[in-house]
Amino acid sequence: QVQLVESGGGLVQAGGSLRLSCAASGRTFISYTMGWFRQAPGKEREFVARISWSTYYADSVKGRFTISRDYTANTVFLQMKNLKPEDSAVYYCAADGSGLATTEAQRWDYWGQGTQVTVSS
């Protein structure tokens, strides 16, 4: 059974940092693109970052967030710095096996349950 389990969310003041982790299990994800999305109340789920053999970021987080992965541990990380109140959302880890390098949430294959990030002003 494939599982993606996120951790590391919490409450932080504006300008602070958080590091999210996503532990993947149930299959090998070496060939999968791994990514992070987020969803704020009343808004659609939006792409944040992805990593395969390269990385790609949403403009809103570029320069502040860094995605990385540990292939041996089957884990993906999202280091978030200089957080802003508008970064507050539930953050989801996802895996995409299509190779299309898409930012469209509906095209991703597997999802975690999400972890809440709240940034206070």
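Buried means under 20% relative accessible area, exposed over 50%, and partly exposed in between, with a 1.4 Å probe and protein chains only. The model is predicted: local features need pLDDT of at least 70, side-chain atom pairs count only at pLDDT 80 or more, and totals for chains, interfaces and linings use all residues. Residues are numbered from 1 along each chain as its sequence is written, and side-chain values use heavy atoms, with hydrogens and water left out.

**Exercise 1. Trace the salt bridges of Asp-87 and classify the burial of each residue in them.**

Step 1. Fix the criterion. A salt bridge is a side-chain nitrogen of Lys or Arg within 4 Å of a carboxyl oxygen of Asp or Glu. The structure holds five of them.

Step 2. Take Arg-38. Its salt bridge with Asp-87 has its closest N and O atoms 2.9 Å apart. Asp-87 sits in the loop between strand 8 (75–80) and strand 9 (89–96), while Arg-38 is in strand 4 (residues 33–39). The two are 49 residues apart, so distant parts of the chain are linked. Strands are DSSP runs of E, at least two residues, numbered from the N terminus.

Step 3. Check burial. Asp-87 has 1% relative accessibility and therefore counts as buried. Arg-38, at 5%, is also buried.

Step 4. Take Arg-64. Its closest N and O atoms to Asp-87 are 2.7 Å apart. Arg-64 lies in the loop between strand 6 (55–57) and strand 7 (65–70), so this pair ties together parts 23 residues apart in sequence. Both Arg-64 and Asp-87 are buried.

Step 5. Widen the view. Arg-38, Glu-46, Arg-64 and Asp-87 are linked in a network of salt bridges.

**Exercise 2. Is the salt bridge of Glu-104 and Arg-107 made by buried or partly exposed residues?**

Step 1. The side chains of Glu-104 and Arg-107 meet at 3.0 Å, N to O.

Step 2. Glu-104 has 36% relative accessibility, so Glu-104 counts as partly exposed. Arg-107, with 43%, is partly exposed too.

**Exercise 3. Which residues touch the most other members of the largest nonpolar core?**

Step 1. Define the core. A nonpolar core is a set of buried Ala, Val, Leu, Ile, Met, Phe, Trp, Tyr and Cys residues joined through side-chain atoms within 4.5 Å.

Step 2. The largest one has 34 residues, and Met-34, Trp-36, Leu-78, Met-80 and Tyr-91 touch the most other members. Among the elements giving two or more residues are strand 3 (18–25), strand 5 (46–51) and strand 11 (115–120). Strand 9 supplies the largest share, five residues.

Step 3. Look around Met-80. Leaving aside neighbours within four places in sequence, its contacts (heavy atoms within 4.5 Å) include Leu-18, Leu-20, Phe-65, Tyr-91 and Val-117.

**Exercise 4. Which strands stand at the edges of the four-stranded open sheet?**

Step 1. Read the order: 1-3-8-7, with antiparallel pairing. Two strands pair if DSSP finds at least two bridges between them.

Step 2. Strand 1 (3–7) and strand 7 are at the edges, each with a single partner strand, so one side of each lacks a neighbour in the sheet.

Step 3. Inspect one pair. Strand 7 and strand 8 pair over six antiparallel bridges. Ser-68 has Phe-77 of strand 8 as its bridge partner.

**Exercise 5. Where do Asn-74 and Asn-82 lie?**

Step 1. Asn-74 is in the loop between strand 7 and strand 8. Its phi is positive, about 55 degrees, although Asn-74 is not a glycine.

Step 2. Asn-82 is in the loop between strand 8 and strand 9. Its phi is positive at about 50 degrees. With 44% relative accessibility, Asn-82 counts as partly exposed.
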